[in-house]
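Please consider the disulfide bonding of the structure shown below. The account that follows takes up the pairs in turn.

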Amino acid sequence: MVKRTAPLVAIALLATACNGVAAPTVPAGTEPVVRVLDGDSLVVDVGGTETEVRLLGINTPERDECFDEEARARARELAGERVRLAGGDTDRFGRLLGYAYTEDGNLINQQLVAEGMALALSTDHALEADFKAAEQDAFDERLGRWQTDACGPPGDADLAIEELNYDAPGDDSQNSNGEWIDIINEGSGATALGGWSIQDESSSHRFRFPDGFMLLSGARVRISSGCGTPTADHLFWGECDGDAVWSNSGDTAYLLDTSGNVVDRFAF
């Protein structure tokens with residue numbers, strides 16, 4: 001169980017490593033950029049073969065989601081005509097996972113996070129701590145995607161993520177309702193939550209509050225990951241097949257208003 005605490009202050013150097021893994025060395029050679037697909041993937045000519053590269057450790061909005069176009073445009077600007085690639089693993093889609101550097105050696109993955117164009121994934125890679133610190137700084141400064149009006153007019157509700165239990169007792173896949181997230185209304189009046197949403201770091205876990213749902217001043221609502229009968233203070237994500245929402249190895253919860261602006265963020 002995780003409760004709201006003050007954010008940790010992290011000071012990291014690019015030369016440091018996460019979990020003892022050596023930080024990558026900026027490659028000497030460059031490769032031609034064929035095209036940029038979105039904010040976190042591009043096609044590069046590697047040795048004469050067009051290769052899709054998935055930028056390691058980050059995630060940008062999906063196509064047609066808020067800030068998708070801005071993230072894609074910035075990735076295209078940073079990549080330019082040629083990039084330096086570090087990495088060799090592939091993901092389940094056969095894409096090359098790696099760090100992409102500009103011709104002058106700046107790390108594109110981290111730059112996108114630092115500018116609020118991308119979020120930092122909780123994945124085990126050499127620069128994970130640096131990326132996480134960059135996201136925290138960008139969120140604190142409300143840059144890019146984290147601007148209060150990045151996706152449209154912000155609401156006047158005062159809602160926050162109060163508590164999150166990401167590790168259900170026993171096997172999470174057998175007890176999806178054992179993990180949950182609590183949202184509290186810290187404002188002075190009741191708030192209609194229809195159209196508000198919650199998501200995690202992935203591109204698939206999305207919860208949308210039902211139309212007509214109201215949260216009174218000072219009240220809390222719990223959203224469990226599994227299935228159940230909704231009440232005034234308990235809703236269900238709907239992962240009825242037993243799949244967990246929150247990753248026990250690390251994840252981030254985001255609370256979005258009706259415009260899609262990120263109102264609150266909860267990392268663990």
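A disulfide is here a pair of cysteine sulfur atoms within 2.5 Å. The model is predicted, and a search of the whole structure finds 2 disulfides.

One of them is formed by cysteine 66 and cysteine 151, with sulfur atoms 1.7 Å apart. This pair links distant parts of the chain, its members being 85 residues apart. Cysteine 66 is located in the loop between strand 5 (58-59) and helix 1 (68-79), whereas cysteine 151 belongs to the loop between helix 3 (128-140) and strand 9 (159-165). Because the torsion about the S-S bond of cysteine 66 and cysteine 151 is about -90°, the disulfide is left-handed. Cysteine 66 has a relative accessibility of 24% and therefore counts as partly exposed, a class that lies between the limits of 20% and 50%.

The other pair consists of cysteine 227 and cysteine 240, whose sulfur atoms are 1.7 Å apart. Cysteine 227 occupies the loop between strand 15 (220-224) and strand 16 (234-236), and cysteine 240 the loop between strand 16 and strand 17 (252-256), so the disulfide ties together parts that are 13 residues apart in sequence. The S-S torsion of cysteine 227 and cysteine 240 is about -110°, and the disulfide is therefore left-handed. With a relative accessible area of 35%, cysteine 227 is partly exposed; cysteine 240, at 58% relative accessibility, counts as exposed, since that class begins over 50%.

The connectivity can finally be stated for the chain: when the bonded cysteines are numbered in sequence order, the pairing is 1-2, 3-4.

Technical notes. Residues numbered from 1 in each chain as written. Predicted model: local features only at pLDDT ≥ 70, side-chain atom pairs only at ≥ 80, totals over all residues. Heavy atoms only, no water. Helix = DSSP H or I, 4+ residues; strand = E, 2+ residues; numbered from the N terminus. Buried < 20%, exposed > 50% of the residue type's maximum accessible area, 1.4 Å probe, protein only.
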